[in-house]
Amino acid sequence: MNIFLALESTVIAHGLPYPQNLDTARELENVARAHGVEPRTIAVLGGEVKVGLTDAQLEYLAKASNPSAGSGRAVMKLSRRDVAIAIAERRDGATTVAATMWLAHKNGIRVFATGGIGGVHRTVDESQTWDVSADLEELARTPVVVVCAGAKAILDLPATLEYLETHSVPVLGYETDEFPAFYSRSSGLKLQSRVHSPVQAARIIHEHWKMGNLSGVLVCVPIPVSDEIPREEIEPHIKTALREAKEQKIVGSKLTPFLLSWLAGLTANQSIRANVALLKNNVAVASEIAKALAQLESPVA
Ligand code: PSU
Ligand code: MN
């Protein structure tokens, strides 16, 4: 029986610069395969939902967002609400965590690996409105496991955790007691439950769904020690990026890509190396969870 792992495409088209995005997209698929799992990178191309991309399609998506290498056709950033628009208008689009979870679920895929989920954005001052990622809403209503390195550190992490609690989404720390902060291993925020193995995570996930819950489960894996950017080092850069976004009046779906690219500039690409490292690590853990879950659901005699 084949076991599948969903991968998102926003990180390729809007999260990382070319050519690191293409190398990373390929590497992530290879990490899954090395663990005996079939990767399925999800995107919309020419108005068609693709669950699994060919190497040429990965390359097309990675280059499209690059002004010098790309096709000149803008790739949309698709959250769940945007998918129908992309289909009707025959557009190309990269799927966020929210859209990827939903499309994975519709296609019978239960485990999904990403870098960091979207969450509740920070506000620099009271003149800004609240910005809450649709990723959180999707976790509340779609039964897919999302393996991540926490929520991006550019977000309001306490508020993001509160939201998940309100919406009854289990949040499991993988060999950690704390909600990881994407670039950094610790945030100071305690988690509800710590698991030490893919099998232990799979048992909780299995019971969660067996009881009829419709929500997803978030598994949080801290970035590997060797690639971590300590909190006190990244935090001043995040503050600078947030101030810049406010000054340039960047809002809505453009905000996350803007902040990530500013951080890359401010850290001389250290943030990109960290992002790639945690993605690979998450794909490895997610692949093992996918196998353990499949084993629980239909045990081989
Ligand atoms: N994590 C990354 N890079 C990214 C993203 C997450 O390391 O580019 C993307 C994901 O696709 C996530 C999206 O779903 O950013 C969140 O965007 P927003 O805050 O607009 O919902
Ligand atoms: Mn938003």
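Is phenylalanine 182 buried or exposed? In this predicted model, phenylalanine 182 has a relative accessible area of 2% and is therefore buried, the limit for that class being under 20%.

## An aromatic pair

Phenylalanine 182 does not stand alone in this description, since together with tyrosine 183 it forms an aromatic pair, with 4.7 Å from centre to centre and 75 degrees between the planes. Because planes over 60 degrees apart count as edge-to-face, the pair of phenylalanine 182 and tyrosine 183 is assigned to that class. Tyrosine 183 is likewise counted as buried, at 2% relative accessibility. The structure holds two aromatic pairs, and the one formed by phenylalanine 182 and tyrosine 183 is among them.

## Surroundings of ligand 1

Around ligand 1 there are 16 residues, and those that come nearest are Glu8, Lys77, Val97, Ser133 and Asp135. Two of these residues also place a polar side-chain atom beside an oxygen atom of the ligand: for lysine 77 the distance is 2.8 Å, and for serine 133 it is 2.7 Å. With glycine 116, by contrast, the backbone is involved, as a polar backbone atom of this residue lies 3.0 Å from a nitrogen atom of ligand 1.

## The largest pocket

The largest pocket encloses about 640 Å³ of space and has a lining of 32 residues, of which Lys77, Thr96, Ser133, Ser253 and Thr256 lie nearest its centre. Helices α1, α6 (134-141) and α10 (255-266) are the elements that give two or more residues to this lining. Sorted by class, the lining of the largest pocket comprises 16 polar, nine nonpolar and seven charged residues.

Lysine 77 and serine 133 link this pocket with the ligand in the present account: both are listed among the pocket residues nearest the centre, and both are also listed among the residues that come nearest to ligand 1.

## The largest cavity

The structure holds one cavity of 30 Å³ or more, and the space in the largest cavity amounts to about 60 Å³. Its lining is made up of Leu7, Glu8, Val11, Ile12, Leu16, Asn21, Thr24, Ala25, Leu28, Thr41 and Leu279. The elements that give two or more residues to this lining are α1 (10-15) and α2 (20-34), and α2 provides the largest share, four residues.

By class, seven residues of the cavity lining are nonpolar, three are polar and one is charged. Glu8, which belongs to this lining, is also one of the residues that come nearest to ligand 1, while helix α1 gives two or more residues to the lining of the cavity and likewise to that of the largest pocket.

Methods. Residues numbered from 1 in each chain as written. Chains lettered and ligands numbered in written order. Predicted model: local features only at pLDDT ≥ 70, side-chain atom pairs only at ≥ 80, totals over all residues. Heavy atoms only, no water. 1 Å grid on protein atoms, 1.4 Å probe; cavity = no way out; pocket = protein on both sides within 12 Å on 5 of 7 lines; lining within 4 Å. Points joined across faces, edges and corners; volume = space filled by probe spheres on them. Nonpolar A, V, L, I, M, F, W, Y, C, P; charged D, E, K, R; others polar. Phe/Tyr/Trp six-rings, centres within 6.5 Å; stacked < 30°, edge-to-face > 60°. Buried < 20%, exposed > 50% of the residue type's maximum accessible area, 1.4 Å probe, protein only. Near = heavy atom within 4 Å. Polar contact = N/O pair within 3.5 Å; in protein donor to acceptor, adjacent residues only side chain to side chain.
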